[in-house]
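Biologist: Please take one strand of this model and go through its surroundings closely. I would like the pairing, the packing and the neighbouring elements in one connected account.

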Amino acid sequence: LQLYTEQVSPVWQGRLSGWNAAPHDGYCSDGEYFSESAQTCLATCDFQLGIVSQFGNAPHSAALLMAVRDVNNRDGTVVPAALDGGVGHNVSLLQHLDASRNVQEAVAAVSWWGATHVAGVLGADTSSVSGPISLVAALSQTPVLSYSATASSLSDDDTYPTFGRTVPTDNMVTSALPHILIELGWKACVVVYLNDVWGQNLVKDVMSAAEPLGVRVQAFRFESGQRESMQEAVRAARDLGWRSIVFAAINREDLKLFLDVGDAFGIVGHPSYSLVDLNVIASRGWEAVVRVLPSRLLSVLEGAIAISHTTVYASNASSSFEQ
C-alpha cells in the first residue's frame with residue numbers, strides 16, 4: 001500500500017520513476033544499491049519497460065515493480081542473471097493506454113521506445129494490437145511479451161521474431177472444439193465471431209481443426225459494440241438453419257449484446273439450439289459475466305457450454321457454470 005500510494009500516479013502519462021535506492025548503512029556509494037541476495041553493492045541501472053494496455057492498469061504496474069524488487073532481494077537469479085547484474089531498485093515504466101482504440105498511437109509509442117532502447121515491451125492485451133506493435137518492435141530488436149494475446153498467427157517467428165507470450169495459443173481451444181461437438185452428437189456449427197485479427201485467426205483455426213473430422217463450420221462476423229452488425233450476423237446464423245451456435249468474442253459487453261439479439265431472434269435460450277462460448281465466460285469468470293447481464297438474459301445461458309484453454313464448463317439449471 002505504501003509503495004502504491006507513493007510511487008503510482010493516478011494519471012499514467014509519461015514515465016514513472018522507480019525506487020531510489022538508499023545507501024546500505026553508508027556502505028554503498030551514490031549510483032549503487034545494496035543487493036540482499038548478492039550481499040554486496042551493485043550499480044543501479046535505469047531499467048525501462050514499455051507497457052501497452054487497453055485499460056488503466058496502475059495496480060498491475062505496481063505489482064510488477066514489487067515483483068522485480070522481490071526477485072532481486074529474495075532470489076537474485078532470474079532478473080539479475082538476465083540483465084547481467086540486476087536492475088537494482090531503479091525501474092521505470094512507460095505506459096500507453098487505450099491501445100485498442102488507437103493502434104496507430106500504440107505503434108508510434110513502441111517505435112519511440114525502441115529508438116530510446118527500452119529493455120522490452122509488456123502487452124498488448126489483444127492480438128489485434130500485439131501484432132502491429134511487434135512488427136515495429138522487431139525493427140529495433142525490442143522484445144514484446146504479451147500476457148493475453150492468443151492468436152496463433154503470432155507464433156510465426158519469421159514475421160514476429162521478438163514476440164513472446166505467457167499464455168497458450170487459441171489452438172488449444174480450436175482443436176478441442178470439433179471433438180466436443182462430435183462427442184455431443186453435433187456434425188456442424190455456426191460461429192458468430194468478432195471481426196478483428198483474433199477472431200479471424202480463431203475461425204481459421206476452427207475450420208482447419210474441424211475439416212479432417214468431418215465437422216462442417218460456417219462463420220459470420222460482427223463489429224464490436226455495433227447492434228446492427230450483430231443483428232446481421234445473428235440473422236445469418238439463424239437463416240442457415242444449423243442448431244449449434246458458437247460465440248467468439250473478447251469482452252463482456254459484446255456477449256451481452258449477442259445474448260440480447262440472439263434472444264430476440266430465437267437462437268439462444270431456445271431448447272432446439274445449443275450455445276458454445278469460446279472465450280468470454282471461461283476467461284472472465286462466470287461471476288464477472290453475471291455482473292453485466294440483466295436478469296432476463298441469465299436464463300438464456302442455461303445449458304450453454306464455455307471452453308477455455310484448460311477446462312470445459314457447462315451451465316446448470318440455476319445458470320451458474322460448473323467444471
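**Strand E9 and its surroundings**

Modeller: Strand E9 is covered on both faces: Ala188, Val190, Val192 and Leu194 on one side, and Cys189, Val191 and Tyr193 on the other, are all buried. The model is predicted. E9 runs over residues 188-194, and 7 of its 7 residues are buried.

E9 has a parallel pairing with strand E10 (residues 216-222), made over 7 bridges. In that pairing, Ala188 stands opposite Arg216 of E10. The connection between the two strands includes helix H7 (residues 197-210), and E9, H7 and E10 form a right-handed β-α-β unit. E9 also pairs with strand E11 (residues 244-248), again in the parallel sense, over 4 bridges. Here Val190 is the residue opposite Ile245 of E11.

Trp242 lies in the loop between helix H8 (227-240) and E11. With a relative accessibility of 16%, Trp242 counts as buried, because the cut-off is under 20%. Leaving aside residues up to four places away in sequence, Trp242 touches Ala188, Cys189 and Val190, as well as Arg216, Val217, Gln218, Ala237 and Tyr273. Gln218 is 24 residues from Trp242 in sequence, while their C-alpha atoms are 9.3 Å apart.

Val192 of E9 leads to the nonpolar packing. The largest nonpolar core has 54 residues, and Val192 is among those with the most contacts inside it, together with Met230, Phe247, Phe258, Leu259, Leu275 and Leu278. A second, separate core has 17 residues, including Ala109, Val121, Leu154 and Tyr160. Phe258 touches Val192 directly; its other contacts, not counting residues up to four places away in sequence, are Met230, Val234, Ile245, Phe247, Asp263, Ile267, Val268 and Leu275. Ile245, the residue opposite Val190, is thus also a contact of Phe258.

Phe258 belongs to helix H9, where the buried residues are Asp254, Leu255, Leu257, Phe258, Leu259, Asp260, Val261, Gly262 and Phe265. H9 covers residues 252-265, 14 in number, and spans 20 Å from its first C-alpha to its last, close to the 20 Å expected at 1.5 Å a residue. At the N-terminal end of H9, Asn251 acts as a cap, with a side-chain oxygen 3.1 Å from the backbone nitrogen of Glu253. After H9 comes Gly266, which has a positive phi near 80°.

Definitions and conventions: Residues numbered from 1 in each chain as written. Predicted model: local features only at pLDDT ≥ 70, side-chain atom pairs only at ≥ 80, totals over all residues. Heavy atoms only, no water. Buried < 20%, exposed > 50% of the residue type's maximum accessible area, 1.4 Å probe, protein only. Pairing = 2+ DSSP bridges. Right-handed = clockwise from strand over helix to strand, strands pointing away. Core = buried A, V, L, I, M, F, W, Y, C linked by side-chain atoms within 4.5 Å. Contact = heavy atoms within 4.5 Å. Expected span 1.5 Å × (residues − 1). Polar contact = N/O pair within 3.5 Å; in protein donor to acceptor, adjacent residues only side chain to side chain.
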